[in-house]
Amino acid sequence: MNSNLVVFMPLLLALAAFMFFASRRQKRAMQATIDLHESLQIGDRVHTTSGLQGTITAITDDTVDLEIAPGVVTTWMKLAVRDRIEPETPETADDADEADAVGLTADADPLPKD
């Protein structure tokens, strides 16, 4: 009987290690979601789990009101908020100079005219 236990010991150890690391990853993801929901503020742009984008107009403990179009406000469970949409940073002058150097500006004509 002792030899049977030795045969299955590596399998049991591998299974235990997999379960340990999987639970740690899940706990980290859950904590990140909790931190996001606690940090939401009025005016934040967010994505919902169904793919809708909106701006937060009001927050309670369990719900958020999202303005999805001018004057159209819908109420969602806070758990439906998947992530915050970070505002885009404006292009710096150095980036614009580099784009000009390689001809990637919007006013550059990609096809030469005859």
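**Notebook: salt bridges, strands and the first helix**

I started at R82, which counts as partly exposed at 45% relative accessibility. Worth noting at the top of the page: this is a predicted model.

R82 took me to its partner. D83 forms a salt bridge with R82, and the closest N and O atoms are 3.9 Å apart. That passes, because the cut-off for a salt bridge is 4 Å. D83 is partly exposed too, with a relative accessible area of 28%.

How many salt bridges does the structure hold? I get two. The other one pairs D44 with R84, where the closest N and O atoms are 3.2 Å apart. I checked where the two ends sit: D44 is in the loop between α1 and β1 (45-48), while R84 is in strand β5 (residues 81-84). They are 40 residues apart, so I logged this pair as a link between distant parts of the chain.

Is D44 buried or exposed? I have D44 at 16% relative accessibility, which counts as buried, because the label applies under 20%. R84 comes out at 25% and counts as partly exposed. General reminder to myself: side chains of opposite charge can pair when their charged atoms come close.

**Overall layout**

I stepped back to the whole chain. The secondary structure comes to two helices and five strands. Reading from the N terminus, I wrote the order down as α-β-β-β-β-β-α. The chain has 114 residues, and 13% of them count as buried.

**Strands**

Next I followed the pairing from β2 onwards. Strand β2 (residues 53-59) and strand β3 (residues 63-69) run antiparallel and are joined by four bridges. I picked out one position here: I59 stands opposite V64 in β3. The connection between β2 and β3 is a hairpin through three residues.

β3 also pairs with strand β4 (residues 72-77), again antiparallel, and here I have six bridges. L66 stands opposite T74 in β4. What does G71 do in the hairpin of β3 and β4? There are two residues between the strands, and G71 takes a positive phi near 85°.

**Helix α1**

Then I went back to the N-terminal end. I looked up M9 and found it in helix α1, which covers residues 2-39. M9 is partly exposed, with a relative accessible area of 36%. That value lets M9 join a surface patch, because patch residues need over 30%. Which residues make up the nonpolar patch? My list is L5, V7, F8, M9, L11, L12 and L13, with about 710 Å² of accessible area together.

I checked the record as well. UniProt lists residues 6-23 as "transmembrane region", in an unreviewed entry. In the model that stretch is 100% helix and 0% strand. Its end C-alpha atoms are 26 Å apart.

**Rings**

Last lookup was aromatics. The structure holds one aromatic pair. F20 and F21 form it, edge-to-face, at 5.2 Å centre to centre with 70° between the planes. I call it edge-to-face because the planes have to be over 60 degrees apart for that label. F20 is partly exposed with a relative accessible area of 45%, and F21 counts as partly exposed at 47%.

Methods: Residues are numbered from 1 along each chain as its sequence is written. This is a predicted model: local features need pLDDT of at least 70, side-chain atom pairs count only at pLDDT 80 or more; totals for chains, interfaces and linings use all residues. Side-chain values use heavy atoms; hydrogens and water are left out. Patches are made of residues with over 30% relative accessible area and no salt bridge: like charges are joined within 9 Å, nonpolar side chains (Val, Leu, Ile, Met, Phe, Trp, Tyr) within 5 Å. Accessible areas come from the Shrake-Rupley method with a 1.4 Å probe; for residues, only the protein chains shown count as cover. A salt bridge is a side-chain nitrogen of Lys or Arg within 4 Å of a carboxyl oxygen of Asp or Glu. Buried means under 20% relative accessible area, exposed over 50%, partly exposed in between (1.4 Å probe, protein chains only). Rings of Phe, Tyr and Trp (its six-membered ring) pair if their centres lie within 6.5 Å; planes under 30 degrees apart count as stacked, over 60 as edge-to-face and the rest as tilted. UniProt positions are given in the numbering used here, feature names are shortened, and annotations may be inferred rather than shown by experiment. Two strands pair if DSSP finds at least two bridges between them.
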